[in-house]
Amino acid sequence: MNGASWLQVERVGEVIVDLPVGGRRGSGYLAAAGRVLTAAHVVADAAGIQVRFDADRPGERVVAASVEWADAAIDVAVLTVPDMPGVSEVEPVRFGRIGERDTVLHCRAMGFPRFKLRKNEDGTSYRDSEHVRGTCPALSNRREGTLDLQVDPPAEPHDKDKRQNPSDPWEGMSGAAVFSSGRIIGVISKHHRDDGLGSLAASRVDRWAEKLGPAERERLETALDCDLDLQALPDVSAQELERYLTVAEDAARAHPYAGVLPGITPPLTAVYLRQQALSHTLHHADANQPLATAAAPLPANEIMARGETCVVFAGPGGGKSSLLRTHLVETLERVQTGEKVNALPVLISAASLAEGMLPEALSKATTAKLSNSGLMEELPPAFFRHQPLPGVPWLVLVDGLDEIIDSKTRRLVLGKLAAVIKGEHGSQYRFIVATRPLSDGELGGLGQVPRHELQPFSPNDLQQVVRNWFHALELPEPDQAADQFTADLGSHLTGLARIPLMAAMLCQLHAKQPDQLLPASRGEIYQRFLDLLTEHRHASGIVTKTLATLKEYEKDALAQADATLSSLPALINRLAAERHAGKDTPAVAILASRPEAKRPEQVPPAVWERFLGNILRSSGLLVERAGRFEFLHQTLLEYCAVGHATDNARARAKTLHTMFHIPWYGRRPWNYVRPLKRHNWWKDMVWGLSHASYLGFLLDAIPDDRELTRLLKRVISIGGIEGCNVVARQVQLGTRIPAPIIETAVSLLEGVARDTTTRDSHGRVAAAGILYLLDDVRGGDLLVALADDTAAGLDPDRLDAEFEDDDSLVDLSDPRVSAADSLAEHGDARGADLLYRLGLDPSLHRHFRQECADRLNDLGDARSADLLNFLAMDNNLDASYRVAAAARLSSLDRPRGADLLRYLAQDPSADRLLAIWHLSGTGETLFPDLADLLTGLANDPRLPPGDRTEVERWLATRQRPRILS
């Protein structure tokens, strides 16, 4: 027997008790056919009992009741009531227990408390119902054995000060059944006034069997048709979690990209292939400092499994959403099979975090998203306010930070997450933020957290991905077809196909049109994909079914509806443009405001809005969540927005004029002149990099290569190496870039990188790094040459003369180190070798030599420890700097670092007191040994007076100074 779930209003009863003198009111619940569950003290000493259901409603029933079973120890009673029409065949309710865990339950109850006393117009009074929604901390009231139901308190009575013995406002609520996760877990029994008006105590179901004798327990189980054995009672403290685990796993399995083939798009797990990720670390507190990059990529799923706060970034379609979804599925599967996990993931869009507190945002967004996958009950904020499992925090997977157009809002979201991490509830949450590349300064709002860059598929990976897709799409001889497909991609498409989204789209295009040549650019891929979506929509009969919803109206209405359907691509493009501009007007309202979607007069507004919603759902481009239409992927939004911006030659010319400040003269949009000096071209370059995907679609929309070449030459001419960077990023995206433009960019970048007459060595390094994207051979060789060029570095003597101490250098970077870093960032193994060589090079300032050791450590290179050891033993370095190097070594290898600090503590050329101080912090030396070192230091007549005072105080107090004065 499954039993009835959740609180059902028609089964809630008001218990009316006649006493020998006076009467009493309480609450009850029809727990089984003819059986009402209530509190024992409500019906104690009763001369007569009635139970009223659905008072003053059409189905009102008032029946006589008698006590079948009662026990004062647990304060529970079961009343017998006669069969009632419509409710005599009710299923027995289900009961549950509460596990001994640190959690808070979301609970509900319904009863008839005194504060709901109302008066009719004729002067008679009645009690209305109170639907209580509250929480129960699972570990409260353990000694009493009751539930601590915390609810919104009733208002204080206005005349409370005039009454000497005011009645309890909760009187009458006793006997109400307390539900959690669809099961009764207790019966409200008392109100402890000292706990306040917002707290009620309830008799716990899981304590009944413990407090009752075998015979009484059997009688109660028979009366309620249930089994009260603890092993038989499900743990409701895990019920919400179980619902979440089941539904969230099913939802995450769906592929995040649209499908163009008949039937259902293959599940994500059928076609997904694990990607690699390069790890980056901010070494300094200043978020604008360069990132240290790992020497070799790691499996992205291993990084995710750590459950640590971090940022995952990749270009458009780079696999960020698929990674988050796959990690969600794998982790939830592990939890349900009893495996341990570091954190439990929950997926949410960054935009959903812009308003409200974190638990409320998670509740609202997750409930809305999972309701489409079978979630029948809200996941309340309380569910997300505490750790889902003992010692296991929530891992909030924040997708699409870059999809928030406004940078201020992005910073607000990151600041909110950072505040949670630093706050009192920081141990309950971890965050993984997925985004396209953003500025280091902006991502720094999350704090100094690791950043991991998803890598494109390798050639071998790509072949396996294609095989997965062709198997899932049930193509004939899928392995042979996949091998031929990858061979036919050619150099212009192989790079594009290594991007996960592009691979998915190309595989589906080939499966649908195996005899056609593949598209030549990213823009053409999207156009063909959308064309096939439209074709699929018509072939599936969705259009006909949608029109059929208006068949009861006149032909004019159907004609207008058909015209609206024909204009759907343009309408969706308009919607995309509004969204890309940051406008949040409801999608249906945007469509309804357009002449192409004007409502026929004979069609009611609600019916027409429903029609517009249906055609958006059927488009294959949007999904509806909580009444809001969202594009399936940000690149689809961008492509459609460009479609609106380039609807015709005039619109395209205006758009490009606005973006690049190209003078526009109606029919002659291209007038190649430089902008006025007051124009800030730098903003255009920054925009071109941060909105690279949108710009790529815009460039692909230019039909004439001569116009495209002229525009991009202007970008390079005005922007210099940053203009070349815009071009290089477009080449990476797969945008159609004419060969002369690439040649021009390569020539300019190589010229800047080789220019030994300039004093801007950082600019030379930046040029070589961008050149690496276009020509990895020439770019890589130039970066190596710059790292080895002592003339390109900063002069150590000049730095010492200009800056008081090395702390002032924290905001500086040496171009030679930056060149080595750039190589490492591109995954070039020469980068780590150069960092090690630079760390040994005495021509490099000591600050940057130690920085090389730090970067090597960030790369996971074991030579970091060797380099620190070398620096600590270098007598040519400053005494305190040598000790600092040894102290850093102790954080990597404590015994080795401690031995080195012990040696320096006896080296007259080193800062011996500082070495002893660091040594005491390693835990590798007991105080007697430290005392010997301190005594030897105190006996040295060369010791400065201030240091001598510190030593004597330390020896006297035996306490390590917090800091050295």
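This is a short dialogue on reading features of a predicted model.

Student: Before I look at single residues, how many helices and strands does the chain have?

Tutor: A good place to begin is the overall make-up: the chain has 40 helices and 24 strands. Its C-alpha atoms fill a box of roughly 110 × 100 × 60 Å along the principal axes. Keep in mind that this is a predicted model.

Student: What share of the residues counts as buried?

Tutor: Burial is read from relative accessible area, with under 20% counting as buried. Here 52% of the 965 residues fall into that class. The accessible surface of the chain comes to about 43900 Å², and carbon and sulfur atoms hold 49% of that area.

Student: And what can I learn from contacts and charges?

Tutor: For contacts, look at sequence separation. Among contacts with a separation of 6 or more, 66% join residues 24 or more positions apart. For charges, compare mean positions: those of the 107 positive and 131 negative charges lie 5 Å apart.

Student: Which residues should I check for a positive phi outside glycine?

Tutor: Asn-141 is one of them, with phi near 55°. Asn-141 sits in the loop between β10 (130–137) and β11 (146–150). Glu-474 is another, with phi near 60°, and its place is the loop between α12 (459–472) and α13 (478–488).

Student: Is Glu-474 buried or exposed?

Tutor: Exposed means over 50% relative accessible area. Glu-474 reaches 71%, so Glu-474 counts as exposed. Asn-141 has a relative accessible area of 23% and is therefore partly exposed.

Student: Let's turn to helix packing. At what angle do α25 and α27 pack?

Tutor: Take the angle between the two axes together with their separation. Helix α25 (residues 692–700) packs against helix α27 (residues 721–733) at about 80°, the axes being 10 Å apart. Angles of 65 to 115 degrees count as roughly perpendicular, so α25 is roughly perpendicular to α27. On the α25 side, the contact is made by Ala-692, Ser-693, Leu-695, Gly-696 and Leu-699, while α27 brings Val-726, Gln-730 and Leu-733.

Student: Why does Thr-646 count as buried, given that its place is in a loop?

Tutor: The class comes from accessibility. Thr-646 lies in the loop between α22 (634–645) and α23 (649–660), and Thr-646 counts as buried because its relative accessibility is 14%. Leaving out neighbours within four places in sequence, Thr-646 is in contact with Arg-652, Leu-698 and Ala-701.

Student: Where is Glu-578, and which residues is Glu-578 in contact with?

Tutor: Glu-578 belongs to helix α19 (residues 568–580). Its relative accessibility is 14%, so Glu-578 counts as buried. With neighbours within four places in sequence set aside, Glu-578 is in contact with Lys-583 and Ile-590.

Student: One last case: what does Arg-133 touch?

Tutor: Start from its place, which is strand β10. Arg-133 has 42% relative accessibility and therefore counts as partly exposed. Not counting residues up to four places away in sequence, Arg-133 touches His-106, Cys-107, Arg-108 and Glu-378.

Student: How many Å separate the C-alpha atoms of Arg-133 and Tyr-772?

Tutor: That is a pair to view along the chain and in space. Arg-133 and Tyr-772 are 639 residues apart along the chain, and their C-alpha atoms are separated by 61 Å.

Technical notes: Residues are numbered from 1 along each chain as its sequence is written. This is a predicted model: local features need pLDDT of at least 70, side-chain atom pairs count only at pLDDT 80 or more; totals for chains, interfaces and linings use all residues. Side-chain values use heavy atoms; hydrogens and water are left out. Helices (H or I, at least four residues) and strands (E, at least two) are DSSP runs, numbered from the N terminus. Buried means under 20% relative accessible area, exposed over 50%, partly exposed in between (1.4 Å probe, protein chains only). Contact means heavy atoms within 4.5 Å. Accessible areas come from the Shrake-Rupley method with a 1.4 Å probe; for residues, only the protein chains shown count as cover. Lys and Arg count as positive and Asp and Glu as negative; His and the chain ends are not counted. The place of a charge is taken as NZ of Lys, CZ of Arg, CG of Asp or CD of Glu. Axes are lines fitted to C-alpha atoms, for helices over the stretch in contact, and angles run from 0 to 180 degrees between N-to-C directions. Angles under 35 degrees count as roughly parallel, over 145 as roughly antiparallel, 65 to 115 as roughly perpendicular and the rest as oblique.
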